[in-house]
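This report goes through selected parts of a protein model for a reader who has not met it before. Please keep the sequence and the 3D view at hand while reading.

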Amino acid sequence: MQAEGKANSIDFAALKGKPIVAFKSWGKHLLICLPNFTIKVHLMLFGSWLINSRKELPARLSLQFKKGEINFYACSVDRIDGSLNEIYDWSEDVMSNNWDSQNAIKKLNHCPGTMVCDALLNQHIFSGVGNIIRNEALFRTHIHPASLVGKIPLNKLEELVKETVNYSRQFYIWRKAGVLKSQWLVYNKDTCHKDKTRIVSQILGKTRRRCFYCSGCQKLYS
Ligand SMILES: [Zn+2]
């Protein structure tokens with residue numbers, strides 16, 4: 001392998017001739033594993049990657065092999081030393097086979113005063129969940145985003161955890177098929193398809209991200 005790029009966290013000379021032993025992921029972290037360390041790529045808001053193709057702008061990270069190359073743009077690139085199993089809890093990743101719903105419920109019980117819209121973006125509870133998934137999961141379970149975790153009945157909380165994971169996995173399938181937007185019920189919508197109420201678009205919680213909700217269909221637990 002040959003490597004080059006603009007990422008100053010990486011010593012590109014050290015990558016020369018090294019094999020990639022595995023690709024892994026934890027939530028939004030793409031982990032490129034080499035024999036002695038790992039490169040972590042996070043696409044942030046505007047990042048992208050291209051396989052066997054290049055953009056005009058310089059790559060943050062470009063990995064070139066005998067057959068083909070992969071180029072990463074506008075993303076964060078970091079080096080991780082040490083065992084990934086010690087750094088990452090795979091059971092926190094909603095897409096992982098090791099995902100553990102009961103563990104998520106336990107963690108939610110530890111933050112009763114947190115708004116549920118913030119809890120869903122906590123990557124150490126729901127690794128991989130972003131703004132679209134949290135809004136859609138809350139709408140589909142009829143929970144208002146400003147509800148406090150500790151005020152939501154346990155069965156509703158379990159329903160929310162289940163729907164969040166279910167929606168995340170559907171998200172992957174829909175996105176690959178190019179039909180993600182057509183599945184949105186509340187995200188970026190103007191009116192609720194159920195009761196024709198105007199969808200509220202509001203910055204909520206400590207995470208200061210935009211929430212979309214229907215005050216007719218979604219119950220506020222506070
Ligand atoms: Zn509604």
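K55 counts as partly exposed, because its relative accessibility is 37% and the partly exposed class lies between the buried limit of 20% and the exposed limit of 50%. The model is a predicted one. K55 sits in the loop that links β5 and β6. Leaving aside residues up to four places away in sequence, K55 touches S48, L50 and Y73. Its C-alpha atom is separated by 39 Å from that of K162, a residue 107 places away along the chain.

Two further residues can be set beside K55, each with its element and its relative accessibility.

| Residue | Location | Relative accessibility | Class |
|---|---|---|---|
| K55 | loop between β5 and β6 | 37% | partly exposed |
| F46 | loop between β4 and β5 | 70% | exposed |
| N103 | helix α2 (residues 101–109) | 18% | buried |

F46 counts as exposed because its value of 70% is over the limit of 50%. Together with M44 and L45, F46 forms a nonpolar patch on the surface. The accessible area of these three residues together is about 420 Å². N103, in contrast, is buried, because its 18% is under the limit of 20%. The residues that N103 touches, not counting those up to four places away in sequence, are D89 and S91.

The next topic is strand β7. How many of the five residues of strand β7 are buried? Five of the five are, so the strand, which spans residues 69–73, is largely enclosed by the rest of the structure. Its two faces are both covered: one side carries E69, N71 and Y73, the other I70 and F72, and all of these are buried. Y73 is also one of the residues that K55 touches.

Strand β7 pairs with β5 (residues 48–51) in the antiparallel sense, over four bridges. In that pairing, I51 stands opposite I70. Strand β6 (residues 61–64) also runs antiparallel to β7 and is joined to it by four bridges. Here L63 is the residue that stands opposite I70. β6 and β7 make a hairpin, with four residues between the two strands. In the turn, G68 has a positive phi of about 100 degrees.

A separate topic is the open sheet of four strands, ordered β2-β3-β4-β8 and paired in the antiparallel sense. Its edge strands, each pairing on one side only, are β2 (22–26) and β8 (76–80). On average, and with direction ignored, neighbouring strands of this sheet are turned by 25 degrees against each other. Within the sheet, five bridges connect β4 to β8 in an antiparallel pairing. H42 has S76 in β8 as its bridge partner.

The last element is helix α4, which covers residues 131–140 and has nine of its 10 residues buried. The buried residues are N131, I132, I133, R134, N135, E136, A137, L138 and F139. What covers them? The elements over these buried residues include α3 (116–119), α5 (154–177) and β10 (209–213). H142, just after α4, takes a positive phi of about 60 degrees.

Key: Residues are numbered from 1 along each chain as its sequence is written. This is a predicted model: local features need pLDDT of at least 70, side-chain atom pairs count only at pLDDT 80 or more; totals for chains, interfaces and linings use all residues. Side-chain values use heavy atoms; hydrogens and water are left out. Buried means under 20% relative accessible area, exposed over 50%, partly exposed in between (1.4 Å probe, protein chains only). Two strands pair if DSSP finds at least two bridges between them. Patches are made of residues with over 30% relative accessible area and no salt bridge: like charges are joined within 9 Å, nonpolar side chains (Val, Leu, Ile, Met, Phe, Trp, Tyr) within 5 Å. Accessible areas come from the Shrake-Rupley method with a 1.4 Å probe; for residues, only the protein chains shown count as cover. A salt bridge is a side-chain nitrogen of Lys or Arg within 4 Å of a carboxyl oxygen of Asp or Glu. Axes are lines fitted to C-alpha atoms, for helices over the stretch in contact, and angles run from 0 to 180 degrees between N-to-C directions. Contact means heavy atoms within 4.5 Å.
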